Amino acid sequence: FVVPLSYVIAGASTEEFLELAKNPRIQRVVANTFTQAVLSSIPSLLMAIPVAYFFAKYSFHGATIVRALFLVPFFTPAFAFAEALFLLFDPQGAVNVILMRLLSLQTPPISILYSMNAVVLAHIFYYTPLAAILLEGGFSSIDQNLMDAAQVCGASSLKTFRRIVVHQLVPALAAAFALVFVFSFLTFSTPLLVGGNFYT
């Protein structure tokens with residue numbers, strides 16, 4: 001990331017950078033990109049935490065296959081997921097048709113396509129598995145002896161969670177957030193396919 005960026009920066013003058021930075025369109029695109037990356041990263045992390053905890057703490061027959069299947073969305077081409085979004089959330093898509101029939105509505109109740117919401121939804125779908133795999137390592141590294149010692153010493157579950165679990169999970173949470181943020185920030189095809197007039 002740093003090396004090619006350095007070459008780009010080295011090939012431009014300070015005046016060119018300042019002119020770009022003053023351009024309202026560039027400012028809007030950078031703000032859009034940053035906003036959707038943050039909004040994609042936080043829910044991805046929150047959804048990944050229980051999944052990561054489950055994979056780290058429970059061993060069962062076929063866990064490797066389940067874990068591999070869980071990673072499939074991360075490798076799904078953007079075009080395939082865009083098509084799935086269209087089939088589900090288009091005005092005549094499955095979700096809207098079902099809701100219109102159930103609630104006797106005349107117009108589709110859900111309209112997320114061609115907006116930042118569609119881009120964020122796609123990123124949550126893509127990057128939750130990635131975050132879960134990174135967080136699984138964090139949950140696996142928590143020292144169970146410390147947890148047991150805290151309970152023996154009379155620490156409440158909340159205090160144990162805050163002082164031991166959260167403390168030991170911080171590096172994994174930071175790594176997962178950073179990776180999902182960078183992937184979301186650098187994405188190109190998803191905003192192009194489902195973002196509509198939302199440019200990144």
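1. Let's start with the largest cavity in this predicted model. Its lining is made up of A78, F81, A82, L85, A122, Y126, T190, L193 and V194. If you have the structure open, pick out those residues and look at the space they surround. The volume comes to about 30 Å³, and the structure holds 1 cavity of 30 Å³ or more.

2. Which helices supply the lining of that cavity? At least two residues each come from α6 (78–89), α8 and α11 (189–194). The biggest share belongs to α6, which gives 4 residues.

3. What kind of residues are they? Sorted by class, the lining of the largest cavity has 8 nonpolar residues and 1 polar one, with no charged residues. The polar one is T190, because Thr is not among the residue types that count as nonpolar or charged.

4. Now for the aromatic rings. There are 17 aromatic pairs in the structure. One of them joins Y53 and F139 in an edge-to-face arrangement, with 5.4 Å from centre to centre and 80 degrees between the planes. It counts as edge-to-face because the angle is over 60 degrees.

5. Where do these two rings sit in the chain? Y53 belongs to helix α3 (residues 24–57) and F139 to helix α8 (residues 116–140), so this pair ties together parts that are 86 residues apart in sequence. Helix α8 is also one of the helices that help line the largest cavity.

6. Are Y53 and F139 buried or exposed? F139 is buried, at 4% relative accessibility. Y53 is partly exposed, with a relative accessible area of 39%.

7. Another pair to look at is F54 with Y58, which is tilted: the centres are 5.5 Å apart and the planes make an angle of 40 degrees. That angle is neither under 30 nor over 60 degrees, so the pair goes down as tilted. Both rings are partly exposed, F54 with a relative accessible area of 39% and Y58 with 48%.

8. Some rings join up into a group. Ring pairs link F74, F75, F81, F125, Y126, Y127 and F183 into a cluster. Do a couple of those names ring a bell? F81 and Y126 also turn up in the lining of the largest cavity, so you can use them to find your way from the cavity to the cluster.

9. Last, a charge over a ring: R67 lies over the face of F55, at 5.1 Å from the ring centre. Try turning the model until you look straight down on the F55 ring, and find R67 over it.

Definitions and conventions:
Residues are numbered from 1 along each chain as its sequence is written. This is a predicted model: local features need pLDDT of at least 70, side-chain atom pairs count only at pLDDT 80 or more; totals for chains, interfaces and linings use all residues. Side-chain values use heavy atoms; hydrogens and water are left out. Rings of Phe, Tyr and Trp (its six-membered ring) pair if their centres lie within 6.5 Å; planes under 30 degrees apart count as stacked, over 60 as edge-to-face and the rest as tilted. Buried means under 20% relative accessible area, exposed over 50%, partly exposed in between (1.4 Å probe, protein chains only). A charge sits over a ring if NZ of Lys or CZ of Arg is within 6 Å of the ring centre and within 35 degrees of the ring normal. On a 1 Å grid over the protein atoms alone, a cavity is a set of points where a 1.4 Å probe fits but cannot get out, and a pocket is an open set with protein on both sides within 12 Å along at least five of seven lines; lining residues have an atom within 4 Å of a point. Grid points are joined across faces, edges and corners, and a volume is the space filled by probe spheres set on the points.
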